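Biologist: Please take a close look at one part of this model, the open sheet, and then place that part in the whole protein.

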Amino acid sequence: MPTESDTHYDPSLGNKFIFVTGGVMSGLGKGITAASTGRLLKNAGFDVTAVKIDPYLNVDAGTMNPYQHGEVYVLEDGGEVDLDLGNYERFLDVDMTSDHNITTGKTYQHVIEKERAGDYLGKTVQIIPHITDDIKRRIREAAEGTDVCIVEVGGTVGDIEGMPYLEALRQFAHEEPEENVLFTHVTLVPYSKNGEQKTKPTQHSVKEVRSIGLQPDVIVGRCEDRLDPETKEKIALFCDIPTDAVFSNPDVEDVYHVPLMVEEEGLDQYVLEHFGLDDDALPPEERTNDWREIVTTEKDGEIDIALVGKYDLEDAYMSIHESLKHAGFELGVDVNRHWVSADEMADGHDGQLEGMDGIIVPGGFGMRGSEGKIEAVRYARENDVPFLGLCLGFQMAVVEYARNVLGLEDAHSAEMVEDTPHPVIDILPEQYEVEEMGGTMRLGEHTTVIEPETLAYDLYDDTSCTERHRHRYEVNPEYFDAFEDEPLTFSGTAGNRMEILELEDHPYFLGTQFHPEYTSRPGQPSPPFLGLVEAVLEESEEDTTDESDNEAATDTDTDTDTETEETEVTH
């Protein structure tokens with residue numbers, strides 16, 4: 001075993017570790033399974049954190065196409081990471097850092113830089129021990145100071161990219177006492193045509209895991225329904241684990257119900273007993289029920305929100321979808337999300353927005369879809385439809401107002417049209433000399449100063465807020481005077497930067513340069529999203545009241561006419 005001076009790896013860090021791997025196919029829900037396990041352990045009174053391992057060669061997720069990898073989630077320190085980190089923050093109610101996302105690019109870059117600096121003193125740098133020790137170091141350092149660290153390995157067992165990570169985990173288990181490490185393997189349990197739950201894919205997947213030197217302690221079967229007792233027994237027999245170590249993770253109406261489902265299966269108790277923590281855990285009757293109460297809130301009615309974007313993929317806007325859901329939990333209403341193609345909106349397809357109770361224009365980059373987003377803003381402004389613009393949506397709201405209200409013909413963002421005569425949105429001054437794409441934007445948490453007696457102040461109930469950013473362009477200071485004394489005002493600023501806009505005499509018209517969706521949690525909904533849903537509900541109540549008044553007035557008129565007719569006949 002290399003010495004600590006060789007690899008800068010300290011095996012004494014950390015406490016309890018749960019390693020989550022997946023087999024058969026990707027996209028099974030390893031992240032939700034891992035996050036749900038962590039939620040239950042947190043309910044039992046333990047400090048829990050999580051690490052996501054992404055075996056791709058990218059240093060981070062910042063330059064990856066949402067179609068391939070879903071949204072880029074931004075952490076408070078500016079890390080651009082996999083969307084599973086968003087699930088971990090929402091389920092565990094913790095703020096994570098870039099250190100909680102391990103990628104092959106990040107690991108190899110670090111080791112190569114150390115080799116170039118001569119830190120290995122002439123030794124041959126290899127996958128084992130140098131890469132594997134760097135992986136273990138990162139896991140332990142991310143886990144430091146917590147009771148339990150859950151580590152999800154992206155991809156499926158057998159992928160060539162993931163081999164160094166699985167080897168690192170094998171070594172990790174060798175270094176730790178058995179009661180400090182638990183391996184969870186998530187597999188697909190499909191149905192045959194005759195309705196039988198098939199275990200063969202799970203058997204082959206576990207065989208692959210064992211060939212690498214890892215033995216699952218827990219197997220979680222993803223299936224449309226709960227696993228039958230016979231299915232559990234068969235998996236246990238052929239995968240060499242106790243029957244009570246096989247758990248169901250069936251399809252549920254909402255991912256926030258998964259912790260409730262696996263709790264009913266007893267997964268949390270099995271984990272606590274494996275770690276020897278059952279005596280240290282809060283008694284079941286003392287564990288918080290906040291999560292259950294929040295996610296099972298009875299809903300009274302539903303509303304429809306249009307999301308005008310260019311990616312027909314829910315994962316591309318996952319945090320927005322979840323933020324609307326959180327607002328719905330808080331207000332007891334189902335929020336139906338409808339994707340509307342920004343490309344089609346550019347042709348004036350306003351019909352797609354008819355019947356929508358609210359409109360969101362999300363962030364994004366590039367010219368495609370920008371004209372459609374501008375059209376969506378115009379529709380919301382002119383038809384008094386509650387509106388929320390996020391990052392690029394905020395910028396397109398500025399462009400729309402400049403064009404259609406201020407009369408600045410062909411106004412646009414310099415990102416989209418470099419030679420626009422009115423660049424009301426322009427590149428950040430500190431970006432002039434930036435050439436590299438990855439990790440060079442204005443990223444992470446920044447504070448916004450909020451003007452009193454504004455909508456933004458009412459939402460945040462404070463004169464400042466701290467939210468996460470991800471942008472390279474901003475409102476051009478040269479056009480500040482043009483917006484002065486306009487109904488469209490900038491109610492939030494950061495120095496010379498415009499951060500929040502709102503429109504007077506409108507049911508709800510708000511834009512934010514930041515991304516409030518990244519900090520929304522169940523039980524702690526994001527203020528701009530909560531405000532949007534509240535505004536929709538208020539509009540709905542007013543419409544209902546107006547209809548009732550009209551009906552009452554009609555009834556009164558009818559009665560009066562009848563009385564008049566009767567009087568005339570009598571006379």
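The open sheet

Modeller: In this predicted model, strand 1 (residues 16–22) and strand 6 (residues 148–153) run parallel and are joined by 5 bridges. Within that pairing, V20 has E152 of strand 6 standing opposite. Both strands belong to an open sheet of 7 strands, paired in parallel, whose order is 5-2-6-1-7-8-9. The edges are formed by strand 5 (101–103) and strand 9 (246–250), each of which pairs on one side only. On average, and with direction ignored, neighbouring strands of this sheet are turned by 20 degrees against each other.

At the strand 5 edge there is also a helix to consider. Helix 5 (residues 104–116) lies across strand 5 and strand 2 (48–54), and this helix runs at about 70 degrees to strand 5.

As for the whole protein, the secondary structure comes to 19 helices and 21 strands. The C-alpha trace spans about 105 × 70 × 45 Å along its principal axes. Of the 571 residues, 54% count as buried. Among contacts in the protein with a separation of 6 or more, 73% are between residues 24 or more positions apart.

The protein exposes about 25,200 Å², and carbon and sulfur atoms supply 44% of that area. On the charge side, the protein has 41 positive and 124 negative charges, and the mean positions of these two groups are 14 Å apart.

Definitions and conventions. Residues numbered from 1 in each chain as written. Predicted model: local features only at pLDDT ≥ 70, side-chain atom pairs only at ≥ 80, totals over all residues. Heavy atoms only, no water. Pairing = 2+ DSSP bridges. Helix = DSSP H or I, 4+ residues; strand = E, 2+ residues; numbered from the N terminus. Axes fitted to C-alpha atoms, helices over the stretch in contact; angles between N-to-C directions. Contact = heavy atoms within 4.5 Å. Buried < 20%, exposed > 50% of the residue type's maximum accessible area, 1.4 Å probe, protein only. Areas by Shrake-Rupley, 256 points an atom, 1.4 Å probe, with all protein chains shown as cover. Lys, Arg positive; Asp, Glu negative; His and termini not counted. Charge placed at Lys NZ, Arg CZ, Asp CG, Glu CD.
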